Amino acid sequence: MGVALRAGLGRANRVNGHEWGFAHGFGLTVMKPICICIRDKHFRNPDISNPNIMKFTCVAALALLASFVMSKALGGVLVVPGTSDIWLAGTPDGTSASLGDVAPAQSPVLAGGVVAGGSYTFVVTGSVNNFPGPSGLGPDGGQFYEHSWGAENGLSGLHAPINSLVGVFLDSSSPLGQPVLGGLDFASIGLDFPSLSPGLRQPFFIGDGMTGTQAVQTFTAPSGATRLFLGTMDGWGWWNNDGAFSVTVNGPAVPEPSAYAMVAGLALLGFGWHRRHSRR
Ligand SMILES: [Ca+2]
Ligand SMILES: [Ca+2]
């Protein structure tokens, strides 16, 4: 269904029979498919003075807005520097990790708010190196490596290809002092899993987000997860790493406060319009 939301000022109007505007509010453009689905003569010939039309339009706006904000790329295209140490995820400034790394200088990248139980996919390009200079490796990385400190700062250890893209799901609290799960070993799991369900505070391999046969892999956020962090794989000392990944994360996003405000505004507009016209 082709749907476009646009902000607009001006009075309620109609364009080509498919567009309704809210006075001094938000406009909703609904393409032909929804009009074909709704076998209502009013919808084929919209009449904004009809309360049923406006009620339906408001409900549709809310539903479409919900779908709009609940599935999108988190944070656009993210740059994940090679210096991003996942064992500093969610820790306060000044926290140290992995022999020489300190937050926030070597902190991983916060991809954005996530929904527990939501499935996420990744589009990844670029290359990093665990020391200065190019590695020539892609996002799937090279030989298997171990985080030398194992579990650290409340985050599990990890056995994964060096210079690969890795991630970790956290709740809204610092991982420091939290219970630690066993580390994931991707030499055993393999790199071509169709889907993965890592635990909270349990770093995991992402690589290029695809299997060796180019099938897209899905990653499910665990119960309690509210945040996703992205970093790179090294054994120790991310501070001297080179390069960067460009990452797009697709999946259900936690609506921004502005989205809630938009929904509330639409609901108030619809309610006010309905009361005004129901008194006629
Ligand atoms: Ca290094
Ligand atoms: Ca891969």
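**Glycine 94 and beyond**

Colleague: Let's start with glycine 94: is this residue buried or exposed?
Modeller: A residue is buried if 20 or more other C-beta atoms lie within 10 Å of its own, exposed if 12 or fewer, and partly exposed in between, with C-beta atoms placed from the backbone. Glycine 94 has 8 C-beta neighbours inside 10 Å, so glycine 94 counts as exposed.

Colleague: And what pLDDT do local features need here?
Modeller: pLDDT is the predictor's confidence in each residue, from 0 to 100. Residues are numbered from 1 along each chain as its sequence is written, while chains are lettered from A and ligands numbered from 1 in the order in which they are written. This is a predicted model in which totals for chains, interfaces and linings use all residues, side-chain atom pairs count only at pLDDT 80 or more, and local features need pLDDT of at least 70.

Colleague: Which stretch should I be wary of, with pLDDT under 50?
Modeller: The mean pLDDT of the protein chain is 80, and 68% of its residues reach 70 or more. Where pLDDT is low, the predicted coordinates should not be read in detail. The stretch with pLDDT staying under 50 is residues 1–46.

Colleague: How many helices and strands does the protein chain have?
Modeller: Both are DSSP runs numbered from the N terminus: helices are H or I with at least four residues, and strands are E with at least two. By that count, the protein chain has five helices and 17 strands.

Colleague: Back to glycine 94: which residues does it touch, leaving out those up to four places away in sequence?
Modeller: Glycine 94 sits in the loop between E4 and E5. Its C-alpha atom is 9.1 Å from that of alanine 105, eleven residues apart along the chain. Contact is when two C-beta atoms, placed from the backbone, lie within 7 Å. On that basis, glycine 94 touches Val102 and Ala103.

Colleague: Where is the cis peptide bond that involves proline 104?
Modeller: Most residues other than glycine have a negative phi, and most peptide bonds are trans. Proline 104 lies in the loop between strand E6 (101–102) and strand E7 (109–113). With omega near 5 degrees, the cis bond runs from alanine 103 to proline 104.

Colleague: Serine 98 has a positive phi; is serine 98 buried or exposed?
Modeller: Phi of serine 98 is near 55 degrees, and the residue is in the loop between strand E5 (96–97) and E6. It has 22 C-beta neighbours inside 10 Å, so serine 98 counts as buried.

Colleague: How many C-beta neighbours inside 10 Å does asparagine 153 have?
Modeller: Asparagine 153 is in the loop between E9 and E10. Its phi is positive, about 55 degrees, although it is not a glycine. Asparagine 153 counts as buried because its C-beta neighbours inside 10 Å number 24.

Colleague: Speaking of E9 and E10, which are the edge strands of their sheet?
Modeller: Two strands pair if DSSP finds at least two bridges between them. The open sheet has three strands in the order E9-E10-E12, with mixed pairing. The strands that pair on one side only are E9 (144–146) and E12 (184–185).

Colleague: Which residue in E12 stands opposite histidine 159?
Modeller: E9 and strand E10 (residues 158–161) pair in the antiparallel sense over three bridges, and glutamate 146 stands opposite histidine 159 there. E10 and E12 run parallel, joined by two bridges. In E12, histidine 159 stands opposite aspartate 185.

Colleague: How many bridges join E8 to E17?
Modeller: Strand E8 (residues 119–129) also runs antiparallel to strand E15 (residues 218–220), with two bridges. E8 and strand E17 (residues 242–251) are antiparallel too, and asparagine 129 stands opposite aspartate 242. The number of bridges joining E8 to E17 is nine.

Colleague: Which element gives the largest share of the largest nonpolar core?
Modeller: A nonpolar core is a set of buried Ala, Val, Leu, Ile, Met, Phe, Trp, Tyr and Cys residues joined through C-beta atoms within 7 Å. The largest one has 42 residues, and those with the most contacts inside it are Val166, Phe229 and Val247. Elements giving two or more residues include E7, E8 and strand E16 (227–232). The largest share, five residues, comes from E11.
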